[in-house]
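Thanks for coming. I will take a few minutes to walk through one structure, so please look at the display first.

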Amino acid sequence: MNIPYLFRRIIHRLRGRVVRLKPEGAPRGNVLISYTTLPYLDQRPIVLDAHTNRWECMQIARTFLERNYEVDVIDHDDLRFLPQKNYAYFVGTHANFDHIAPILNSDCTKIFHGATCHWRFLNDAERARLDAIEDKRGVRLEPVRALGPNHAIELCDVAIMLGSDATLQTYPQVNKHIERIPLSTTHTYPSPEGKDFEKVNKNFIWFGGAGLAHKGVDLVLEAFASMPEYTLTLVGKISADDPFVRVYKREMYEIPNIKTIGWLDPGSAQFKDICDNSLGIVYPSCSEGCAGSVVLSMHAGLVPIVSKESGVETKDFGVTLKENAVREIRDAVSSFSTLGVDDLKARALATWQYARAHHTRKKFATAFATFVDSLESKPSA
């Protein structure tokens with residue numbers, strides 16, 4: 001039992017579920033962040049490094065603290081919170097933006113933090129995936145990643161966005177400045193230069209979070225089930241009671257070239273060993289902001305074969321799927337595997353170098369600080 005965590009939870013409830021942070025210097029105003037209080041309550045590395053949003057939320061707060069703002073942090077789904085003070089800035093995700101934005105002081109700058117595709121695009125995309133599985137398997141699965149309707153992009157004064165141009169294009173055209181901020185990562189790894197590419201050229205992984213249908217696992221399974229000469233390792237949030245797992249039990253557990261591992265700590269030796277013995281990650285998600293699991297895999301030197309909806313740039317080292325079709329996945333996997341060892345090594349190194357150049361905590365911190373400074377430099381109305 002984690003006593004410090006339970007103690008923090010009790011205090012957190014007594015304080016109205018608000019984490020209050022004070023700057024070192026004299027306060028010059030207040031900032032409200034609606035994202036996640038978890039990293040302030042459970043500070044174990046396995047929790048802090050389980051998702052990029054935990055560190056990123058803390059870094060957003062640190063950026064304002066460094067500029068001598070007092071910062072209040074609440075959870076993104078807290079619909080009970082009512083402002084008790086004036087805020088200079090409000091940073092919020094989609095969930096409770098509609099609830100909070102209209103009741104803030106009129107001179108508060110409202111910043112939408114777009115960590116996903118637009119909610120309507122996301123919901124439609126997941127529904128289409130579930131329709132396709134029902135057509136193939138005769139079983140109707142329920143949505144796992146659906147978002148509630150909201151008007152965050154319309155209500156905000158300015159927005160920051162994780163992801164690619166494909167992510168940005170899912171949002172309606174509004175007369176708002178949208179600043180692209182690079183996703184950070186939770187783990188980094190040594191260069192893949194020493195990998196035996198001749199040995200691993202037929203080995204691939206799928207690695208992701210909740211929502212197996214949403215993240216295209218059915219497509220990856222069907223592709224590899226028809227390619228017995230290739231191996232697929234599934235790592236992520238996979239539970240035996242998941243209805244999706246029951247529908248795809250044969251592919252996940254009974255086909256020799258497909259191995260289902262389940263959740264692993266990306267900092268573990270087992271996860272690193274799987275990456276060292278694989279060539280790429282196949283991830284045809286139907287909707288993301290920027291897929292953190294893909295970015296992390298790129299840091300481990302895995303070449304990405306991903307959907308454009310993953311929000312990850314593949315440049316000239318990976319493959320962005322156009323249709324997310326089983327045939328297209330098969331073709332991409334087999335095309336990669338037939339490349340020469342020197343070409344595979346060059347692509348893996350380019351993948352790793354791109355991740356280290358574009359997706360780090362330092363890059364996120366610098367980009368967000370620059371964004372805040374640009375707001376601070378604007379004359380008040």
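I will start with one helix and then turn to salt bridges. Keep in mind that this is a predicted model.

The helix is α17, residues 361-376. Its 16 residues should span 22 Å at 1.5 Å a residue, and the end C-alpha atoms are indeed 22 Å apart, so the two agree. Which residues of α17 are buried? They are Phe-364, Ala-365, Ala-367, Phe-368, Ala-369, Phe-371, Val-372 and Leu-375. Among the elements that cover them are helix α4 (52-66) and the strands β4 (89-92), β5 (109-114), β6 (158-161) and β7 (177-180).

Now the salt bridges. The structure has 20 of them, and I will go through three.

In the first example, Lys-22 pairs with Glu-70 at 3.2 Å, N to O. Lys-22 is in the loop between β1 and β2, while Glu-70 is in strand β3, so the bridge ties together parts 48 residues apart in sequence. Lys-22 is exposed, at 63% relative accessible area, whereas Glu-70 is buried, at 18%.

Next, Asp-218 meets Lys-136 at 2.9 Å. Asp-218 belongs to helix α10 and Lys-136 to helix α6, 82 residues apart. Here Asp-218 is buried at 1%, and Lys-136 is partly exposed at 38%.

Helix α6 also holds Arg-137, which bridges to Glu-251 in helix α12; this pair therefore ties together parts 114 residues apart. The distance is 2.7 Å, N to O. Glu-251 is buried at 5%, and Arg-137 is partly exposed at 31%.

Finally, Glu-66, Arg-67 and Asp-373 form one network through salt bridges that share partners.

Conventions
Residues are numbered from 1 along each chain as its sequence is written. This is a predicted model: local features need pLDDT of at least 70, side-chain atom pairs count only at pLDDT 80 or more; totals for chains, interfaces and linings use all residues. Side-chain values use heavy atoms; hydrogens and water are left out. Helices (H or I, at least four residues) and strands (E, at least two) are DSSP runs, numbered from the N terminus. The expected span of a helix is 1.5 Å times one less than its number of residues. Buried means under 20% relative accessible area, exposed over 50%, partly exposed in between (1.4 Å probe, protein chains only). Contact means heavy atoms within 4.5 Å. A salt bridge is a side-chain nitrogen of Lys or Arg within 4 Å of a carboxyl oxygen of Asp or Glu.
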